[in-house]
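Please load the model in your viewer and keep the selection panel at hand. The stops below go from a single chain to a pair of helices, and then to the relations between chains.

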Protein chains: 4
Amino acid sequence: MAKTHSSPARLEAFSDGVIAVIITIMVLELKVPLQNGLAGLATVWPTLVVYALSFTFTGIYWINHNHLLHRTDQADERILYANLFFLFWLSLIPFFTSYVLDKKLDAFSVGLYVVSMILTGFSFLVLRLAIGRHLRETGRLEREDAAAERKHWISLAMYLIAVGASVHHSNIALGIVALVMVLWITPSAQADALDHCISAHMSEADGAKDLA
Amino acid sequence: MAKTHSSPARLEAFSDGVIAVIITIMVLELKVPLQNGLAGLATVWPTLVVYALSFTFTGIYWINHNHLLHRTDQADERILYANLFFLFWLSLIPFFTSYVLDKKLDAFSVGLYVVSMILTGFSFLVLRLAIGRHLRETGRLEREDAAAERKHWISLAMYLIAVGASVHHSNIALGIVALVMVLWITPSAQADALDHCISAHMSEADGAKDLA
Amino acid sequence: MAKTHSSPARLEAFSDGVIAVIITIMVLELKVPLQNGLAGLATVWPTLVVYALSFTFTGIYWINHNHLLHRTDQADERILYANLFFLFWLSLIPFFTSYVLDKKLDAFSVGLYVVSMILTGFSFLVLRLAIGRHLRETGRLEREDAAAERKHWISLAMYLIAVGASVHHSNIALGIVALVMVLWITPSAQADALDHCISAHMSEADGAKDLA
Amino acid sequence: MAKTHSSPARLEAFSDGVIAVIITIMVLELKVPLQNGLAGLATVWPTLVVYALSFTFTGIYWINHNHLLHRTDQADERILYANLFFLFWLSLIPFFTSYVLDKKLDAFSVGLYVVSMILTGFSFLVLRLAIGRHLRETGRLEREDAAAERKHWISLAMYLIAVGASVHHSNIALGIVALVMVLWITPSAQADALDHCISAHMSEADGAKDLA
């Protein structure tokens with residue numbers, strides 16, 4: 001079969017670079033407190049917690065991105081643009097993190113922070129659909145990734161509840177955000193393991209053919 | 001044939017790194033507004049639009065850069081320097097983005113922003129010509145990439161119109177810039193697809209020879 | 001054997017990206033002094049020394065990370081998260097570096113700097129244990145890496161002494177930190193060399209089987 | 001032969017990342033002028049020239065680093081540390097660039113800028129010697145890289161003249177710096193081309209052996 005699409009290697013390398021910068025420049029938002037000693041550190045404490053939340057959020061996306069791209073060995077134009085769209089929303093996380101910190105976790109800024117997470121989650125779903133469509137079109141989709149899509153919809157619903165909660169209880173909103181992250185800690189579940197198992201066998205078979 | 005030139009793998013890795021940093025550090029230019037609530041977000045709005053424009057501009061260049069380097073499997077000195085020249089102009093995009101934001105989109109700053117895009121576009125043309133020349137010299141150019149070169153000249157002409165428009169109507173200038181981006185969303189058109197198809201067949205043939 | 005886990009290639013690429021950003025953005029903490037000439041440079045001097053210390057600390061971790069990941073050719077979920085956990089603590093080094101600089105190396109900030117190094121060291125131990133467990137579970141651990149684990153415990157003990165010392169003598173605390181680094185300059189010692197030697201022979205054998 | 005040393009792939013990836021960040025964060029030093037219009041741009045002009053100088057300096061080092069690492073297919077501890085030492089000095093270039101800009105190119109700051117270039121050049125020589133020593137020890141050095149070493153000494157001498165010149169004529173000092181860059185634009189000359197040619201033939205021979 002003629003390979004008319006490029007391999008996702010550079011897509012992965014570029015995404016790794018962008019996500020690495022996103023996850024790391026957030027540390028520049030951490031400001032050394034004016035006060036000395038333990039009192040100073042205490043004022044920095046909430047900042048560190050939000051930083052840890054954004055770091056974990058971005059890190060879990062990286063792991064899921066890793067898993068998602070693992071499913072395809074080609075990247076067409078649609079996937080490239082869906083990936084850019086996802087990176088765009090992810091790149092705003094440092095901005096909304098510093099927003100929430102500057103506004104000292106007031107209702108509006110926490111709501112905004114959750115909205116930016118919703119948009120990141122939505123764009124990741126777009127990327128998943130683009131990859132699913134490509135696999136279907138090139139006839140290499142073994143099985144629909146229904147479990148992962150269901151997880152997307154549950155997350156988006158929970159985020160919407162978090163936006164509502166942020167009006168009166170920003171801590172509850174942040175708690176729900178943390179809960180959604182737990183959902184995504186394992187990107188796969190059994191379904192994916194099966195998928196990889198199958199594709200590994202297939203590539204073994206391919207390798208055998210190449211050497212035959 | 002003795003390979004006297006290095007593979008473009010490290011060139012790609014370095015370019016990916018530089019473009020990843022360029023596209024991401026622009027987020028540091030976004031400043032949290034002093035006002036609280038929706039009023040504050042409203043003042044940030046134009047900033048976000050320009051950020052999205054610069055992000056898209058850089059992202060589309062990455063995709064086109066990806067496609068362009070896909071055409072060669074070697075990188076000579078001339079390509080390395082043409083690539084550096086391109087990255088230099090691209091690296092100024094964050095600066096001119098913050099310029100246009102600081103000056104609140106006045107005529108001069110928008111004109112400057114468009115000029116920096118022209119220079120980036122021009123340097124990308126230089127890179128394309130360097131790669132074309134290398135392919136011609138090593139006898140691996142299947143077909144001139146005339147369609148892409150034509151697109152370059154059209155873009156540069158449109159950018160010049162945008163510079164003129166920026167004097168009186170900065171919104172129209174930014175609109176033209178957005179229009180040029182649309183031109184580049186598909187880096188290839190059919191011609192390129194054909195090209196890849198041919199090279200894929202050739203590398204298959206090479207692979208067959210290697211194993212024979 | 002079916003490969004149900006992804007290769008550590010992207011894990012390495014992402015870690016390289018994150019560590020590269022961490023090690024480089026610290027330079028943004030260096031402030032040009034107000035005074036001109038040699039007097040100005042003299043005021044910057046301690047800053048440069050702490051920068052060099054943090055740079056070396058991060059650099060040595062990169063080399064040890066490199067060695068550690070070299071032991072495995074697969075990365076399971078546990079390794080991915082242990083790696084994120086390690087990168088999180090490492091990413092705080094630039095913050096605590098600027099903390100110690102802003103506070104002009106007072107006892108509390110130096111103590112904090114050392115504590116962040118302890119937590120980085122501890123998270124690196126967690127990563128080592130995760131990799132060891134994975135190798136044991138998949139039956140590919142030739143030999144326990146007892147020497148490296150011993151080095152971890154010695155380092156953590158020395159760091160604790162440094163925290164104590166920081167109360168009265170911040171220079172001694174920084175000296176101990178420098179001493180721990182010396183311990184880690186060679187990530188391996190003979191044991192590791194042996195390990196690589198064995199695995200090289202094994203992969204040669206594998207290669208032979210593949211071609212047979 | 002048992003491979004007891006790791007391949008330089010991750011060394012290259014890490015160096016690419018660090019150099020990519022170094023070359024790109026310098027743009028954050030560029031400050032948007034307070035004045036509007038052409039008058040504002042005119043005040044930024046010298047800044048842009050120094051930025052271009054530092055960008056070119058770093059870019060040429062990347063190309064030479066690329067070439068240098070191309071000579072070896074293994075990286076021992078000594079090479080890893082020599083590389084870190086080189087990256088340390090290179091990472092200070094953005095700091096000394098902003099130093100020279102803040103001090104408006106006064107004699108002292110230009111001298112300092114040149115001294116940091118000398119130290120970068122010196123550390124690159126150390127890296128070259130580390131790689132040469134490794135190649136000699138493992139019996140894979142076809143020929144001493146005497147031409148490149150000579151170029152190092154010439155550059156260091158020219159830099160020393162530039163430091164002297166900076167006392168009275170900072171423009172002449174910067175001119176000499178630019179002159180040294182020209183020397184390094186072609187990392188190789190004929191000698192290196194020959195070297196690659198030989199190693200390409202050797203790896204072809206190796207490949208033949210592997211398949212035999």
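Select chain A and colour its residues by burial: in this predicted model, buried residues make up 42% of the 212 residues in chain A. Switching to a cartoon view, you will find 8 helices and 0 strands in chain A, so that the pattern read along the sequence is α-α-α-α-α-α-α-α. If you then draw a contact map for chain A and keep only the contacts with a separation of 6 or more, 81% of these join residues that are 24 or more positions apart.

Next, move to chain B and select helix α6 (residues 146-166) together with helix α7 (residues 170-184), whose axes come within 7 Å and cross at roughly 170 degrees. Because angles over 145 degrees count as roughly antiparallel, α6(B) and α7(B) are roughly antiparallel to each other. To see where they meet, show side chains on both helices: on α6(B) the contact is made by B:Lys151, B:Ile154, B:Ser155, B:Met158, B:Tyr159, B:Ile161, B:Ala162, B:Ala165 and B:Ser166, while α7(B) contributes B:Ser170, B:Ile172, B:Ala173, B:Ile176, B:Val177, B:Leu179, B:Val180 and B:Leu183. Coloured by class, the contact of α6(B) with α7(B) shows 13 nonpolar, 3 polar and 1 charged residues.

Now display chains A and B together. Chain B is superposed on chain A by a rotation of 90 degrees with 0.0 Å of shift along its axis, and the RMSD is 0.0 Å; that is the relation of a four-fold axis. Centre the view on B:Gly17, since its C-alpha is the one in chain B nearest the axis, at 4.1 Å from it. The copies use different surfaces, in that 14% of the contact residues of chain B recur in chain A.

For the last stop, hide chain B and bring up chain C beside chain A. Here 27 residues of chain C are in contact with 28 residues of chain A. On the side of chain C that touches chain A, select α1 (9-25), α3 (77-91), α4 (93-102) and α5 (107-137), each of which supplies at least two residues. Which of the helices gives the largest share of that side? It is α1(C), from which 8 residues come. Colouring the side of chain C that touches chain A by class divides its residues into 16 nonpolar, 5 polar and 6 charged.

Technical notes
Residues are numbered from 1 along each chain as its sequence is written. Chains are lettered from A and ligands numbered from 1 in the order in which they are written. This is a predicted model: local features need pLDDT of at least 70, side-chain atom pairs count only at pLDDT 80 or more; totals for chains, interfaces and linings use all residues. Copies are superposed by least squares on the C-alpha atoms of residues with pLDDT of at least 70 in both. Two residues are in contact if their C-beta atoms, placed from the backbone, lie within 7 Å. Axes are lines fitted to C-alpha atoms, for helices over the stretch in contact, and angles run from 0 to 180 degrees between N-to-C directions. Helices (H or I, at least four residues) and strands (E, at least two) are DSSP runs, numbered from the N terminus. Angles under 35 degrees count as roughly parallel, over 145 as roughly antiparallel, 65 to 115 as roughly perpendicular and the rest as oblique. Ala, Val, Leu, Ile, Met, Phe, Trp, Tyr, Cys and Pro count as nonpolar, Asp, Glu, Lys and Arg as charged, and the others, Gly among them, as polar. A residue is buried if 20 or more other C-beta atoms lie within 10 Å of its own, exposed if 12 or fewer, and partly exposed in between; C-beta atoms are placed from the backbone.
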